[in-house]
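Thanks, everyone. I'll take a few minutes on one protein chain, so have a look at the screen first.

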Amino acid sequence: QEFLAGRYVAHAVVNQDIVELLQLTSISNALELSNLLQFTCGSDSRAAQAVMEELSNLSSREFSHLQPEDFTDLIQDYFKESHLPVKPEVKKSTKTYKQFVLLCLDILNERKGPDVLQAVSRAFPLKIFVPRRNSRQQAALKYYLQSIQISNLPDRMILDVSDGEEALQFLEQTFTSPIPGLRLDLRLHGVPLYSPDQTTRLVSVLKNVPSLRALYLCSTELTPSSLQPLVRGFRHVSLLEELNLSWNDALGDAGMEVLQAGLSSVPHLA
């Protein structure tokens with residue numbers, strides 16, 4: 001039924017305002033209509049553009065107050081570090097924003113194209129992605145990263161991944177070619193990196209993000225031996241400004257010695 005409704009909306013939106021047609025007046029309303037919106041966008045490119053333009057308008061109204069620092073709850077449970085308390089209304093907004101981003105990725109997967117791509121990009125005041133184990137959303141994120149023009153790259157993008165052993169495979173499938181100029185904060189937590197083979201795979205990903213801004217590898221089971229390939233790979237991300245290796249107790253003093261040997265390759269590291 002939603003598929004047929006989506007085709008009807010896609011046809012009707014040509015002659016009728018999308019807000020009036022669907023009562024698309026808030027992000028919460030859009031999330032409730034997520035399946036219908038996906039079917040609508042998949043049926044017609046003009047409908048997809050109209051939907052994304054309106055979602056972009058709603059996003060600019062509801063999310064303009066959010067800052068990257070408001071998303072510390074994404075990693076707080078893993079880092080176990082003290083943070084300033086997040087106001088309940090901000091925490092609610094960040095949760096809604098994460099759901100909204102996934103909806104936009106679903107729409108982009110249904111209808112790829114330059115116009116829809118630009119509309120999706122405008123809908124993200126903050127480029128913060130928390131991908132689920134969803135191949136369609138992963139495919140859309142890969143398309144977004146590979147298709148967005150260098151001139152339209154965000155000042156900062158945050159990618160938060162906690163898919164366990166599948167995380168490295170996700171990153172390898174997403175960053176298959178270099179993306180110069182992408183100022184990425186890559187947050188991996190609960191991702192096993194206890195062997196040199198695993199960190200070597202991670203370095204192969206980082207080579208395609210030469211402008212990496214921050215790397216969080218908390219609770220990743222790093223050891224002195226698995227840290228060595230990563231440290232050697234620092235030369236590929238010389239613009240790195242932040243590195244967090246918290247909750248990797250196996251590193252010990254030997255790990256810190258390994259790290260010290262590679263710091264000259266990342267002169268901007270705070």
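Let me start with one pair. Leu215 stands opposite Leu243 in strand 5. That pairing belongs to a parallel arrangement: strand 4 and strand 5 (residues 242–244) are joined over three bridges. Two strands pair here if DSSP finds at least two bridges between them. Helices (H or I, at least four residues) and strands (E, at least two) are DSSP runs, numbered from the N terminus.

Some ground rules. This is a predicted model, so local features need pLDDT of at least 70, side-chain atom pairs count only at pLDDT 80 or more, and totals for chains, interfaces and linings use all residues. Residues are numbered from 1 along each chain as its sequence is written, and side-chain values use heavy atoms, with hydrogens and water left out.

Now the overall count. The protein has 13 helices and five strands. Of its 270 residues, 52% are buried. Buried means under 20% relative accessible area, exposed means over 50%, and partly exposed is in between, with a 1.4 Å probe and protein chains only. Contact means heavy atoms within 4.5 Å. Among contacts between residues at least 6 apart in sequence, 83% join residues at least 24 apart.

Back to the strands. What does strand 3 pair with on its two sides? Strand 2 (residues 157–161) runs parallel to strand 3, with five bridges. Met157 stands opposite Leu184 there. Five bridges also join strand 3 to strand 4 (residues 214–218), again parallel. Asp185 faces Ala214 in that pairing. From strand 3 the chain passes through helix 11 (residues 196–206) to strand 4, in a right-handed β-α-β crossover. Right-handed has a precise sense: with the strands pointing away from the viewer, the path from the first strand over the helix to the second runs clockwise. Further along strand 4, Tyr216 is the bridge partner of Arg187. Next comes another right-handed β-α-β unit, made of strand 4, helix 12 (residues 224–232) and strand 5.

How buried are these strands? Take strand 3, residues 184–189. Six of the six residues are buried, so strand 3 is largely enclosed by the rest of the structure. Leu184, Leu186 and Leu188 point one way, while Asp185, Arg187 and His189 point the other way. Note the charged and polar names on that second list; all of these residues are buried. Strand 4 is mostly covered too, with five of its five residues buried. Ala214, Tyr216 and Cys218 sit on one side, Leu215 and Leu217 on the other.

On to the packing. A nonpolar core here is a set of buried Ala, Val, Leu, Ile, Met, Phe, Trp, Tyr and Cys residues joined through side-chain atoms within 4.5 Å. The largest one has 76 residues, and Leu159, Leu171, Phe175, Leu186 and Leu202 touch the most other members. Helix 7 (residues 88–110) gives the largest share of this core, ten residues. Leu186 is worth clicking on. Not counting residues up to four places away in sequence, Leu186 touches Leu159, Leu171, Leu202, Leu206, Leu212, Ala214, Leu215 and Tyr216.

Helix 7 also holds Asn109. The Asn109 side chain makes a polar contact with the side chain of Lys112, at 3.3 Å. A polar contact is a pair of N or O atoms within 3.5 Å; within protein, one must be able to donate a hydrogen and the other to accept it, and residues adjacent in sequence count only if both atoms are side-chain atoms. Asn109 also touches Arg136, Ala139 and Ala140, leaving out residues up to four places away in sequence.

Cysteines next. How many disulfides are there? Zero, with a disulfide taken as a pair of cysteine sulfur atoms within 2.5 Å. Why does Cys41 not form one? The closest cysteine sulfur, in Cys104, is 9.4 Å from the Cys41 sulfur, too far for a bond. Cys41 is buried, at 0% relative accessibility. Cys218 is buried as well, also at 0%.

Last, the backbone. Most residues other than glycine have a negative phi. Ser219 has a positive phi of about 55 degrees. Ser219 lies in the loop between strand 4 and helix 12, and is partly exposed at 23%. For Trp247, phi is positive too, near 60 degrees. Trp247 sits in the loop between strand 5 and helix 13 (252–262), partly exposed at 49% relative accessibility.

That's the tour.
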